[in-house]
Amino acid sequence: MIPYGRQNISQDDIDAVVEVLRSDFITQGPVVPEFEKVVASYCGAKYAVAVNSATSALHIACLALGVGPGDLVWTSPVTFVASANCARYCGADVDFVDIDPRTYNMSIACLAEKLERAQLNGRLPKVVIPVHLAGQSCEMEAIHTLSVKYGFRIIEDASHAIGGSYKGEKVGNGRYSDITVFSFHPVKIITTGEGGMAVTNDPTLVKHMARLRSHGITRYPSEMTRPPDGSWYYQQIELGFNYRMTDIQAALGVSQMRRLDEFVAQRHVISRDYENLLKDASVKLPWAHPDAYSALHLYIVRLSSGELKGSRREVFERMRLEGIGVNLHYIPVYRQPYYERMGFRIEGFPEAELYYAEAITLPIFPGLTAEQQNNVVQRLLQPTGYQTIF
Ligand SMILES: *Cc1c(COP(=O)(O)O)cnc(C)c1O
């Protein structure tokens, strides 16, 4: 099976992990802060908090921004469920903003319109979570402008987008948001096995997230309610979690970061090859927004015209049978029974529905060979319907 994405592990990565395994600290040691520093400085952000997943990072980001029961959080419907679940963990309500038909990211027009209506109804979101689908940044400047007008905070779900840029600056630099979250799951751009990170320029937010990562416990006297009883002393200030990343994972992360730009460049080569191979096919290719340099986590095409229109399911099942690990990113979150029960209806999201009917993710990862890629394209364009004739 050719997967849609997979990790790329070098001997240097293995050596870095082994070195930590032989050291004094395999968790809560020096490598986690080192990894945080490497990622923050790569992005041009001041601070970072490494955690055990992007899901955890989204959760503590919401908590640090004060999301709680009675609050409202908006995100894109075309995302992994974690982008919405983080608000539910905090007891907040979730709503979705329909997608842009070209980028498949949250539509700025829909966001602006929905905000206007929300203001009239007196129920504005506290936090908006734009998701950089496939690694291509949302139009963050426009979202930021709306956040100033309507008074909401912004968490970028950049799980797909480390290594990408927006308006010439790295995703994660925080120019247009409060917190940016990355995922280091093996299918993403770089990996730590499981892992995630929240980056920010706000010293209060970073301190709060770091405390939530580790049980809500502090060792800083300045955060305590009374002077320490002794040098053993710590205080639990609030209810936190164990969301810590290990030094074993962080070592893999530091090592992977050295190849981040190379990984993204390789993804762009694969993308250009797909463009050439598919230029005459009736397949809608990904659209590159002029303001964004995508990290190209996913290569999503749409079977929206010509002989392939309406054949997505058949093409998908056939490619899977033939060993091509195509995928669908994503089933719109409001279609999940858990969210359906909250009363969401597909009629509210026409662009997400069209997308869901036509999209298919083709394999893209550093190490995908030209031969594999040709095979993917051949299988994709093979005439449909032949196997149902009998
Ligand atoms: C992968 C992903 C997450 C969750 O990442 P984990 O590290 O697996 O928790 C969240 N949001 C999006 C958009 C993702 O793709």
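Which residue just after helix 4 takes a positive phi? In this predicted model, that residue is Gly91, with a phi of about 85°. Local features here need pLDDT of at least 70 and side-chain atom pairs count only at pLDDT 80 or more, while totals for chains, interfaces and linings use all residues. Residues are numbered from 1 along each chain as its sequence is written, and side-chain values use heavy atoms, with hydrogens and water left out.

Helix 4 itself spans residues 82-89 (helices are DSSP runs of H or I with at least four residues, strands are runs of E with at least two, and both are numbered from the N terminus). Of its 8 residues, 6 are buried (under 20% relative accessible area, 1.4 Å probe, protein chains only). These are Ala82, Ser83, Ala84, Asn85, Cys86 and Ala87. Their cover includes helix 3, strands 2, 3, 4 and 5, and helix 11.

Strand 5, part of that cover, is largely enclosed by the rest of the structure, because 4 of its 5 residues are buried. Strand 5 runs parallel to strand 4, joined by 2 bridges (at least two are needed for DSSP pairing). Here Val127 stands opposite Arg153 in strand 5.

A helix pair rounds off the picture. Helix 10 (312-321) and helix 13 (370-381) pack at about 140°, with axes 9 Å apart (lines fitted to C-alpha atoms over the stretch in contact; angles run from 0 to 180 degrees between N-to-C directions). The contact (heavy atoms within 4.5 Å) is made by Val315, Arg318 and Met319 of helix 10 and Val376, Arg379 and Leu380 of helix 13.

Methods
Buried means under 20% relative accessible area, exposed over 50%, partly exposed in between (1.4 Å probe, protein chains only).
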